[in-house]
Amino acid sequence: MYADFDNMPDNSRVWIYQATDFMPFEITERLSARMINFIESWQAHGKDLEASFRIFYDRFVVVILSEDSYQATGCSIDKLVHQIQSLENELKISLMDRTQIAFRDSENTMIDTMHMVNFRAALESGDLDENTTVFNNLVETKGQFNTQWEVPVRLSWHKQWLPIA
C-alpha cells in the first residue's frame with residue numbers, strides 16, 4: 001500500500017539505491033511509475049506493506065517501509081531487489097553498484113560518484129577531506145536517513161579511510 005513519504009514513521013526501514021549517473025527526467029518518470037505500481041501491490045504473506053519511495057537529486061531511489069502493521073519478510077525484500085534489478089535492465093541504469101561512493105564536489109553543490117578505491121585514494125592524497133559531504137547509503141531507518149544520510153566524511157563510516165594525522 002503506497003503511503004505519503006513524509007508521513008512515514010521515523011522507525012520505518014530504508015533501502016537506498018544509488019544511480020552511478022544523473023538520471024534524466026524521462027528515466028525518473030518511468031522509474032517513478034513502475035515503483036508506485038510495485039509498492040501498491042507489495043505484500044508479505046498476503047498482507048499489504050505500507051511503503052513509499054522518493055527520488056532524491058535525480059540520483060537516489062529511497063524506499064521506506066513502515067513495519068508498524070506488518071514486517072517485511074525475506075521474500076518481500078527479495079521482491080524489492082528483483083524490482084530494482086528489473087528497472088536497471090529496462091532503463092539501462094545502474095542502481096545496485098555498492099562500490100560507488102556518492103559525494104558533493106568541493107563547492108558542495110554538484111553530486112558525483114567515484115569507485116571506493118579512488119575515493120579512498122582521494123582522501124589519502126588530500127583531494128577530498130573530512131569535510132567532504134558524502135551520502136551514507138547504509139542508514140537503516142527514516143530517522144537515520146533524515147539526520148545521517150548526507151554528512152561530512154568525519155561523521156560517516158567513510159572516516160575509516162581518512163589519513164591518520
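Is Arg120 buried, partly exposed or exposed, and what is its relative accessible area? Before I answer, let me say that what you have in front of you is a predicted model, and that I will go through helix H3, then helix H2, then the salt bridges that involve Glu90, and finally Arg59.

Arg120 is partly exposed, with a relative accessible area of 39%. Its partner is Glu124, which forms a salt bridge with Arg120 in which the closest N and O atoms are 3.4 Å apart, and Glu124 also counts as partly exposed, at 48% relative accessibility. Both residues belong to helix H3, which covers residues 116-125, and because they are 4 residues apart in that helix, about one helical turn separates them. In general, an α-helix has 3.6 residues a turn, so residues three or four places apart point the same way.

Let me move on to helix H2, which runs over residues 74-91. Its 18 residues, at 1.5 Å a residue, should span 26 Å, and the C-alpha atoms at the two ends are indeed 26 Å apart, so the expected and computed values agree. Which residues of H2 are buried? They are Ser76, Leu80, Gln83, Ile84, Leu87, Glu88 and Leu91. If you look down the axis of H2, these buried residues fall within an arc of 140 degrees, and therefore they line one face of the helix. That buried set packs against strand S1 (13-18), helix H1 (25-41), strand S2 (43-44) and strand S5, whereas Cys75, His82 and Asn89, on the other side of H2, are exposed. Just after the helix comes Lys92, which takes a positive phi of about 55 degrees.

Now to the salt bridges, of which a search of the whole structure finds 6. One of them joins the side chains of Glu90 and Arg30, with an N to O distance of 3.3 Å. Since Glu90 lies in helix H2 and Arg30 in helix H1, this pair ties together parts that are 60 residues apart in sequence. Glu90 forms a salt bridge with Arg34 as well, and there the closest N and O atoms are 1.8 Å apart. Arg34 also lies in helix H1, so its pairing with Glu90 in helix H2 ties together parts that are 56 residues apart in sequence. Taken together, Arg30, Arg34 and Glu90 are linked in a network of salt bridges. As for their surroundings, Glu90 is partly exposed with a relative accessible area of 33%, Arg30 counts as partly exposed at 42%, and Arg34 is partly exposed at 24%.

I would like to finish with Arg59, which sits in the loop between strand S4 (50-56) and strand S5 (60-66). Which side chain of opposite charge is nearest to Arg59, and how far away is it? It is Asp112, 5.1 Å away, and Arg59, although buried, has no salt bridge. The side chain of Arg59 does, however, reach the backbone oxygen of Ile111 at 3.4 Å. Leaving aside residues up to four places away in sequence, Arg59 touches Tyr17, Gln18, Ala19, Thr20, Asp21, Phe22, Met23, Ile111 and Thr113.

Technical notes. Residues numbered from 1 in each chain as written. Predicted model: local features only at pLDDT ≥ 70, side-chain atom pairs only at ≥ 80, totals over all residues. Heavy atoms only, no water. Buried < 20%, exposed > 50% of the residue type's maximum accessible area, 1.4 Å probe, protein only. Lys, Arg positive; Asp, Glu negative; His and termini not counted. Salt bridge = Lys/Arg side-chain N within 4 Å of Asp/Glu carboxyl O. Polar contact = N/O pair within 3.5 Å; in protein donor to acceptor, adjacent residues only side chain to side chain. Contact = heavy atoms within 4.5 Å. Expected span 1.5 Å × (residues − 1). Arc of directions from axis to C-beta.
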